[in-house]
Amino acid sequence: MASMQRLQKELLALQNDPPPGMTLNEKSVQNSITQWIVDMEGAPGTLYEGEKFQLLFKFSSRYPFDSPQVMFTGENIPIHPHVYSNGHICLSILTEDWSPALSVQSVCLSIISMLSSCKEKRRPPDNSFYVRTCNKNPKKTKWWYHGGVSEDLKRHHLRVNRELPVRKHYLYCRKMLGLGTFQYFCYEPWPRW
């Protein structure tokens, strides 16, 4: 019940005071309050200026204690180093950095900020592999975010990957801008046993 009250409150806030360039797709909430589509326009003066996107939000019964499932949907998925061609978004507040104090508006602002800070339109280097092997729900992906990756940690990841018998693993580490500080991002798809 508390979850529905929170969703109603956030829905009203998004309708009355949406983040710049974003509007709630009213048709999307007519059938269910647990699934929203937010229409988004690229911010002026950025690589995405004038482009239109759609974000899909799905809320579980545990929201706000459980983060919403958020991904790009529709015909136009932004080409960005942290956005896969299937719409999955690599953003720490959507997984382990989620807090019940965050809201749909704060997620929208983080995604706008992520797109606006982009210097070059390109897909993540592991896009093809990830799209081929990932779960349809981005929350079922094992995303790892680190404050820094030491050489020991890199060696450990590589050793673990070589020792796993089921299939060859892909390990990719890169710097990522996250919530004002540089973080490292590691993605490792887990084997299907």
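This briefing covers the sheet, the nonpolar core and one loop residue of the structure above.

The model is predicted. Four strands make up an open sheet, ordered β1-β2-β3-β4, with antiparallel pairing. The largest nonpolar core has 33 residues, and Met-40 is among those with the most contacts inside it. Ser-28, in the loop between β1 and β2, is treated separately at the end.

**Sheet**

- The edge strands are β1 and β4, each of which pairs on one side only.
- On average, neighbouring strands of this sheet are turned by 25 degrees against each other, with direction ignored.
- β1 and β2 run antiparallel and are joined by three bridges.
- Seven bridges link β2 and β3, again in the antiparallel sense.
- Five bridges link β3 and β4, which are also antiparallel.
- In the pairing of β3 with β4, Lys-58 stands opposite Gln-69 in β4.

**Nonpolar core**

- In soluble globular proteins, nonpolar side chains tend to be buried together.
- In this model, the residues with the most contacts inside the largest nonpolar core are Trp-36, Met-40, Leu-55, Phe-57, Phe-72, Ile-89 and Ile-111.
- At least two residues of this core come from each of α1 (2–16), β1 (22–24), β2 (35–41), β3 (52–58), β4 (69–73) and α2 (104–116).
- α2 supplies the largest share of the core, seven residues.

**Met-40**

- Met-40 lies in β2, where Met-22 stands opposite this residue.
- Phe-53 in β3 also stands opposite Met-40.
- Both Met-22 and Phe-53 are among the contacts of Met-40 when neighbours within four places in sequence are left aside.
- On the same basis, Met-40 is in contact with Gly-21, Glu-51, Lys-52, Leu-55 and Phe-72.
- The remaining contacts of Met-40 are Ile-111, Ile-112 and Leu-115.
- Of these contacts, Leu-55, Phe-72 and Ile-111 are, like Met-40, listed among the core residues with the most contacts.

**Ser-28**

- Ser-28 has a relative accessible area of 18%, which is under 20%, so this residue counts as buried.
- A polar atom of the Ser-28 side chain lies 2.6 Å from the backbone oxygen of Asn-25.
- Not counting residues up to four places away in sequence, Ser-28 touches Gln-35, Trp-36 and Ile-37.
- One of these, Trp-36, is also among the residues with the most contacts inside the largest nonpolar core.

Conventions. Residues numbered from 1 in each chain as written. Predicted model: local features only at pLDDT ≥ 70, side-chain atom pairs only at ≥ 80, totals over all residues. Heavy atoms only, no water. Core = buried A, V, L, I, M, F, W, Y, C linked by side-chain atoms within 4.5 Å. Buried < 20%, exposed > 50% of the residue type's maximum accessible area, 1.4 Å probe, protein only. Contact = heavy atoms within 4.5 Å. Pairing = 2+ DSSP bridges. Axes fitted to C-alpha atoms, helices over the stretch in contact; angles between N-to-C directions. Polar contact = N/O pair within 3.5 Å; in protein donor to acceptor, adjacent residues only side chain to side chain.
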